[in-house]
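Here is a short report on one strand and its neighbours. Look at the model first, then read on.

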Amino acid sequence: ADLEEHQALRERIVNKLPHFGNNEPETDGLMQTVSGMAARSCEGLSSLHGDKAVPGMYSYLEHVRKGEQTPATPDGRRAHTAFSAAASPVQGRDISGTTAAILSSTCWNQLPFMGGVAINLTLQPEGAQTRENLKAIIKTLIARGGLQLQVSCVAKETLLAARDDPSSYRNLLVRIGGYSDYFTSLSPAVQDEIVARTAQRANLACDGDSAQASSRAASRTTP
């Protein structure tokens, strides 16, 4: 089923309930719990050659491939669409601005995940302001224990134009789930996933609805 008979419920889930990526204590707490379980699941494991199992949190293209095989899920995700990419919020659900997205992305302990961590951030291209503020974003992420931030600086309108006229945008690079690729060479399903991502403003202040997120920043630390 794709929630066709439960659209009112889906709209309530998507628009009224908390979602990871917005500095919400409930969803950030779930991320801390799940990531901790993943890290502990590798403890004491080794390969036949004696190599230790090391957890990682990146998806390459598997978030799209597995999503295509999976029916609708209780978070309002539609059937056969992509899961969230790697350790990133669900596409389009991180609506409280860059501050909240960075705080959520660093609310969990990333140190055990030496297999790799991929956190995507799409920024609106705003020239010198984007370049300057990106420095503060990266410094904040690292100071809070973040290991890797994958930044695409591209407008959604550019992505849509590239999808309609690929020959004019063959050099357009985007971040996926642990690597970069040319947007026009990607499958339609992967292109849809990238277009659906939230394009944040490169502003680590009280952007959007992040006033509440910023007020928590001083007291919030990585566990």
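S1 and strand S5 (residues 199–200) pair in parallel over two bridges. Strands pair if DSSP finds at least two bridges between them. Helices (H or I, at least four residues) and strands (E, at least two) are DSSP runs, numbered from the N terminus.

This is a predicted model: local features need pLDDT of at least 70, side-chain atom pairs count only at pLDDT 80 or more, and totals for chains, interfaces and linings use all residues. Residues are numbered from 1 along each chain as its sequence is written, and side-chain values use heavy atoms, with hydrogens and water left out.

S1 (residues 119–123) also runs parallel to strand S2 (residues 149–153), joined by five bridges. Some facing residues are listed here.

| Residue in S1 | Partner |
|---|---|
| Thr122 | Ser152 in S2 |
| Leu123 | Cys153 in S2 |
| Thr122 | Ala199 in S5 |

Helix H5 (residues 128–143) links into the picture: S1, H5 and S2 make a right-handed β-α-β unit. Right-handed means that, with the strands pointing away from the viewer, the path from the first strand over the helix to the second runs clockwise.

S1 is mostly covered, with five of its five residues buried. Buried means under 20% relative accessible area (1.4 Å probe, protein chains only). One side holds Ile119, Leu121 and Leu123. The other holds Asn120 and Thr122.

Terms used:
Buried means under 20% relative accessible area, exposed over 50%, partly exposed in between (1.4 Å probe, protein chains only).
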